[in-house]
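Me: I should like the terms applied to this model to be justified one by one. Please set each value against its definition.

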Amino acid sequence: MTALANSPEFHYQDGQLHVEALALAAIAQEVGTPFYCYSSAAIRRTYDNFASALRGLDPHIAYAMKANGNLAVIATFAGLGAGADVVSEGEVRRALAAGVPPAKIVFSGVGKTEAELEMALQAGVLLINVESEVELDTLSAVAVRLGVSARVALRVNPDVDPNTHAKISTGRKENKFGIDTGRIMAAFARAVDLPGMEIDGLAIHIGSQLTDIEPFRRAFTILATLVRELRGAGHTVRRLDLGGGLGIAYGDEPGPSAGGYAELVRQTVGDLDCQLTFEPGRALIGNAGVLVTAVILVKDSASRRFIVLDSAMNDLTRPSLYSAEHAIVAVAEPAADAPLHPFDIVGPICETGDTFATGRSLAPVRAGDLLAICSAGAYGAVMASSYNARLLIPEVLVDDGDFAVVRRRPTFDEMLDQDYIPDWIEKRESSENRAPVGPDVSAKSARRDRG
Ligand SMILES: *Cc1c(COP(=O)(O)O)cnc(C)c1O
């Protein structure tokens, strides 16, 4: 029985890729392709591994739900004791709806609106990470107006290069995030004096998908120095929010270990007697999900052989956005001696960027075969769009021998209903613009002709 390199919950059994006790092909039969599929066992194993690596540090783990905001996923984490790191009002609402206690919610983000701050304060979130002096004033005013006290941490921009993709690097001084190290003392003193808030400590988040953990060491060391300086100036610093960012392996290489990360945390900030908050997203969910997609056709050109999938860049943007290389495997296990060919694996969207992989070695595939795009649990479904009028794809959560569609595929009617044609546009009522006959054409779509 062979398993996917970084997620043993996805494994071949009797020639078929299974997630826990279920064959992905059987789920595909019922749900249709493409779809995201997550493993509860992988979520539990990864969370327990992260939490036990930090044992002794009394960590507050706030799952960064922007990585995967499905309510069932958040509820699974909440059931394991996790809080949530949120970045918008919508995420506060999702966290609450999934059963995360407000006292475990951390609100981060470089541009929170007054309405969002107000909503978060009314919900009673644990902590608001403030990213600028301007935001301190806004938050103070909102809290005073509501008659509450906001617990805040200042997000430090440590000017550390996280050695990751430029689009997900957040800790360099030219990035928009946080307050420069040199201004932290003054900002902290200012926060102490402002009404409506209680300043609790400092926060940091230097970037995402860090596979080299040394930049964390540099950043946390800067944080520790700031804590000592603040205390030296007579301030109380009770909390450090160390952010997220721990990377995962997207291929066969070993990923960074939670143990190594935890050791580094102990060495840099372990003796400061601060409550530690962590905001892992990708590290907890990235390898707990795959995207299951079917081959539409295989096409040869003069120089390349293309596998065209029914999934595209709108479903999983990471390859086109970050040049990410996801492992891609056949759902039906190829024979051990099957010849391998280089394929370009692409979606059907009219953009060359709609490419999942180039020159990937795979055993031959045919139309209708299923493939699994691995490590698709984080920044997959949440970043999907309906570009090309493609429907958002469903999400499935497996637990041992059970599965549930935890977000269903919308219908074309629902897609069309989101738009409105104003009265001043004369709508032609000819036979040419009737909706085509097909499975999605119902009495409901006929009734859309509002006259
Ligand atoms: C994105 C983000 C995270 C999570 O990042 P991962 O790389 O998924 O761990 C945590 N905290 C903040 C403030 C973020 O913006």
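Me: What makes the approach of a ligand oxygen atom to Gly245 a polar contact?

Reply: In this structure, an oxygen atom of the ligand lies 2.8 Å from a polar backbone atom of Gly245. A polar contact is a pair of N or O atoms within 3.5 Å; for pairs within protein, one atom must be able to donate a hydrogen and the other to accept it, and residues adjacent in sequence count only if both atoms are side-chain atoms. The pair with Gly245 therefore qualifies. This is a predicted model, in which local features need pLDDT of at least 70 and side-chain atom pairs count only at pLDDT 80 or more, while totals for chains, interfaces and linings use all residues. Residues are numbered from 1 along each chain as its sequence is written, and side-chain values use heavy atoms, with hydrogens and water left out.

Me: Which distances place Gly281 and Ser208 in polar contact with the ligand?

Reply: A polar backbone atom of Gly281 is 2.9 Å from an oxygen atom of the ligand. For Ser208, an N or O atom of the side chain is 2.3 Å from a ligand oxygen atom. Ser208 is also among the residues that come nearest, together with Lys66, Glu279, Arg282 and Tyr379, out of 15 around the ligand (one heavy atom within 4 Å).

Me: Why is helix 2 called roughly parallel to helix 9?

Reply: Helix 2 (residues 40-53) and helix 9 (residues 258-269) pack at about 25 degrees, with axes 8 Å apart. Angles under 35 degrees count as roughly parallel, over 145 as roughly antiparallel, 65 to 115 as roughly perpendicular and the rest as oblique. Helix 2 is therefore roughly parallel to helix 9. Contact, meaning heavy atoms within 4.5 Å, involves Asn49, Phe50 and Ala53 of helix 2 and Ala258, Gly259, Tyr261, Ala262 and Arg266 of helix 9.

Me: Why are helix 5 and helix 6 called oblique to each other?

Reply: The axes of helix 5 (residues 114-123) and helix 6 (residues 133-146) come within 10 Å and cross at roughly 50 degrees. That angle falls in none of the other classes, so the two helices are oblique to each other. On the side of helix 5 the contact is made by Glu114, Leu117, Glu118, Leu121 and Gln122; helix 6 supplies Glu135, Thr138, Leu139, Val142, Ala143, Arg145 and Leu146. By class, there are six nonpolar, two polar and four charged residues.

Me: What makes helix 7 oblique to helix 8?

Reply: Helix 7 (residues 184-193) and helix 8 (residues 214-232) pack at about 50 degrees, their axes 11 Å apart. Helix 7 is therefore oblique to helix 8. Ile184, Met185 and Phe188 of helix 7 meet Leu226, Glu229 and Leu230 of helix 8. This contact has five nonpolar, no polar and one charged residues.

Me: What is notable in the backbone at Pro34 and at Asn163?

Reply: Most residues other than glycine have a negative phi, and most peptide bonds are trans. The bond from Thr33 to Pro34 is cis, with omega near -10 degrees, and Pro34 sits in the loop between helix 1 (24-31) and strand 5 (35-39). Asn163 has a positive phi, near 60 degrees, and lies in the loop between strand 10 (150-157) and strand 11 (179-180).

Notes. Axes fitted to C-alpha atoms, helices over the stretch in contact; angles between N-to-C directions. Helix = DSSP H or I, 4+ residues; strand = E, 2+ residues; numbered from the N terminus. Nonpolar A, V, L, I, M, F, W, Y, C, P; charged D, E, K, R; others polar.
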